[in-house]
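The following exercises concern charged side chains and their pairing. Please work through each task before reading its solution.

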Amino acid sequence: MSSPRDDRDYTPIVGAQTDIAPLGRSGPKPEHERTADEDSDPIDWTQIADDRDFKALVRRKARLIVPATVFFIVYYFLLPISVGWFPGLMEKTVWGDVNLAYLYALSQFFMAWLLAAIYVTAAAGWDRSEHALLSKFGVSHK
Amino acid sequence: MNTACPFPLIAAGSQTSLWMFLAFVAATLVITWYSARKSSGASAYFAAGRRITGWQNGLAVAGDYMSAASFLGIAGMIAMNGYDGFMYSVGFLVAYLTVLFIVAEPLRNAGKYTMADVLAYRLKPRPVRAAASLSTLTVSIFYMIAQMVGAGVLVRQLIPGVSYEVAVIGVGVLMVVYVVFGGMLATTWVQIIKAVLLMGGSILLSVLVLQRFHFNLAEFFSSLTAISSTAADGQTVTRNFLTPGLIFKNPWDQISLGMALLLGTAGLPHILIRFYTVPDAKTARASVVWAMLIIGLFYIMTTFFGFGAAALLGPDHIAANGGTNMAAPELARFLGGEIFFAFICAVAFATILAVVAGLTISASTSFAHDFFVNVIHHGREQKPGEEVRVARITAFIVGALSIVIAIVLGPSVNVAFLVGLAFAVAASANLPAMVFSLYWKRFNTAGAVTGLLVGLTSSIVLILVSPDFMKDPLFPLKNPALASVPLGFLAAWLGTVLSKEVPSGEKFTELQVRANTGLGAEKASAH
């Protein structure tokens with residue numbers, strides 16, 4: 001079943017070579033598995049973290065993400081809550097035989113898409129500030 | 001009187017449908033084999049540095065997510081009990097906002113691809129990897145059980161005379177062997193092709209349903225207001241399927257299920273690992289959005305084929321022909337004859353195969369390198385190839401366990417319900433540890449380990465003493481999330497504040513910078 005193989009490349013036999021789960025090696029640890037101690041690099045993390053622009057970027061992200069998260073959690077749980085405790089209201093038919101409960105459930109899809117769209121639009125702006133921030137410190141992604 | 005099926009239906013399991021089914025499955029496998037070969041070549045994508053684009057990864061995420069539970073389970077849930085089944089559709093989609101807002105980008109930016117990687121980065125690697133791999137394994141097994149049940153009922157319906165038990169063992173063993181020795185199955189392309197097939201099948205099914213109602217939505221919905229079925233006591237009852245509460249009499253049940261679905265997705269190992277196949281956080285973000293679009297459209301269509309099965313076939317017919325998990329294929333048989341039935345069965349089967357592959361891979365690799373190599377052997381293989389062997393053995397054990405449990409549970413358990421339990425375990429064990437390690441500076445190893453273990457055990461114990469598994473339930477809710485998720489968070493918090501260990505603030509700072517800028521994820525260099 002297992003024949004002698006090349007020492008360096010252990011192609012994962014579980015599903016052969018896959019793009020999501022490379023497996024088995026005797027070389028150095030891949031980057032994603034490294035801990036902070038093993039990850040020595042020339043970047044001064046504290047300096048970036050203390051930077052005004054970095055703090056502003058984190059704050060800007062939080063200003064959207066926190067309220068948006070609170071909103072979708074409330075909007076989502078209002079459905080089982082209203083259906084559970086106000087069945088009279090939610091079973092009212094609104095359009096033909098379609099009741100409020102189904103329409104509210106359906107609206108969740110559009111709510112999710114809308115929030116995702118808002119997030120993506122805002123995130124494009126964050127990408128630009130992130131880029132500016134990194135070039136200020138003379139480092140880049142690649 | 002059962003007015004639901006005015007046409008005579010062909011008996012289940014005819015020879016033609018079996019052969020057509022096999023032909024469709026074979027064709028799917030050939031297509032995936034070709035595209036996997038063509039696109040990855042000798043060196044895999046990953047190694048070659050050629051990465052997939054946002055929409056491709058979005059399709060793959062959608063493919064991973066739309067499992068047997070979504071297709072067979074939700075359709076059956078809606079077909080048997082109406083509105084309440086649609087709650088699964090809603091929860092499965094809205095959950096992606098949790099993924100998008102809270103985990104996808106920080107995870108990709110930090111260059112981590114499993115929960116264990118994130119935890120081990122700031123905390124003590126060995127204990128957190130051990131706890132994380134245990135919970136990953138458990139979540140995967142729960143998820144797998146649902147797929148095995150789905151595969152079992154499909155095959156039982158296709159091959160006359162085969163019992164459910166034999167079907168589960170046969171199909172389960174075949175799938176695991178194929179995944180372990182077969183190769184190529186876990187590539188992104190399998191998920192992409194599967195997602196396209198599943199969307200195609202669902203669209204066709206929905207259009208054919210609407211055709212019966214002259215493409216008039218008002219007519220479609222009004223047909224749902226009086227669905228007759230035989231109750232447990234033999235009486236015929238007529239119910240309005242648009243009315244909530246036909247399954248969940250207790251509102252807390254709805255809230256608990258909702259919580260599991262909303263918070264569980266962000267803790268699913270095979271979904272998280274997908275964000276590493278894209279080059280950067282921007283693409284990770286784009287792929288979540290693509291996935292949301294595809295998954296959302298798919299779940300909206302469950303309205304048509306779930307309610308459509310209720311209106312056109314009726315719950316009694318479905319119960320007599322394969323049960324709750326066969327509503328969608330039976331609907332296809334009714335609308336499009338044996339060919340369409342075989343096609344839908346093949347799509348469902350390919351779906352199960354692909355999801356089983358993804359799960360087996362993420363479970364066994366996680367165990368092999370998180371637990372075996374990094375915990376037991378301190379990050380080094382003792383003998384070359386050992387990790388691969390451990391992964392293989394793990395894959396077999398995970399497969400065998402889920403086959404056994406699937407048999408014990410039997411064919412009549414709805415697979416969406418089973419997956420709901422997997423989500424509850426993921427939400428209770430994985431989510432607290434992950435959120436705290438990304439956002440809480442003081443969080444430490446003790447907190448992560450207690451959070452993971454308490455979330456894991458409390459969710460499993462509460463499932464075992466719930467109404468579906470016990471005659472006199474000790475816990476009233478069908479899904480444990482309402483209690484076990486807060487318990488997981490509480491344990492993670494208590495474990496942290498009660499232990500003296502103060503984690504390095506520097507590492508948290510570094511993780512913050514990485515998570516917010518993506519610096520270092522792609523080998524950063526100073527110039």
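A salt bridge is a side-chain nitrogen of Lys or Arg within 4 Å of a carboxyl oxygen of Asp or Glu. The model examined here is predicted. A search of the whole structure under this criterion finds 9 salt bridges over all chains.

**Exercise 1.** Determine which parts of chain A are linked by the salt bridge between A:D53 and A:K136.

*Solution.* Step 1: the closest N and O atoms of A:D53 and A:K136 are 2.8 Å apart. Step 2: A:D53 lies in helix α2 and A:K136 in helix α4 (residues 100-136), so the pair links distant parts of the chain, 83 residues apart. Step 3: A:D53 has a relative accessible area of 38% and is therefore partly exposed; A:K136, at 46%, is also partly exposed. Step 4: A:D51 joins A:D53 and A:K136 in a network of salt bridges.

**Exercise 2.** Establish whether B:E330 and B:R333 are buried or exposed, and describe their pairing.

*Solution.* Step 1: B:E330 and B:R333 form a salt bridge with closest N and O atoms 3.2 Å apart. Step 2: the two residues are separated by about one helical turn because they are 3 residues apart in helix α15 (residues 327-376) of chain B. Step 3: both are buried, which means under 20% relative accessible area. Step 4: B:R333 also meets B:E338 in a salt bridge (3.0 Å, N to O), and B:E338 is buried as well.

**Exercise 3.** Identify the helix that gives the most to the positive patch.

*Solution.* Step 1: the surface patch gathers A:K55, A:R59, A:R60, A:R63, A:R128 and B:K282. Step 2: helix α2 (residues 52-85) of chain A gives the most, with 4 residues. Step 3: A:K55 is found in this helix and, at 41% relative accessibility, counts as partly exposed.

Conventions. Residues are numbered from 1 along each chain as its sequence is written. Chains are lettered from A and ligands numbered from 1 in the order in which they are written. This is a predicted model: local features need pLDDT of at least 70, side-chain atom pairs count only at pLDDT 80 or more; totals for chains, interfaces and linings use all residues. Side-chain values use heavy atoms; hydrogens and water are left out. Patches are made of residues with over 30% relative accessible area and no salt bridge: like charges are joined within 9 Å, nonpolar side chains (Val, Leu, Ile, Met, Phe, Trp, Tyr) within 5 Å. Accessible areas come from the Shrake-Rupley method with a 1.4 Å probe; for residues, only the protein chains shown count as cover. Lys and Arg count as positive and Asp and Glu as negative; His and the chain ends are not counted. The place of a charge is taken as NZ of Lys, CZ of Arg, CG of Asp or CD of Glu. Buried means under 20% relative accessible area, exposed over 50%, partly exposed in between (1.4 Å probe, protein chains only).
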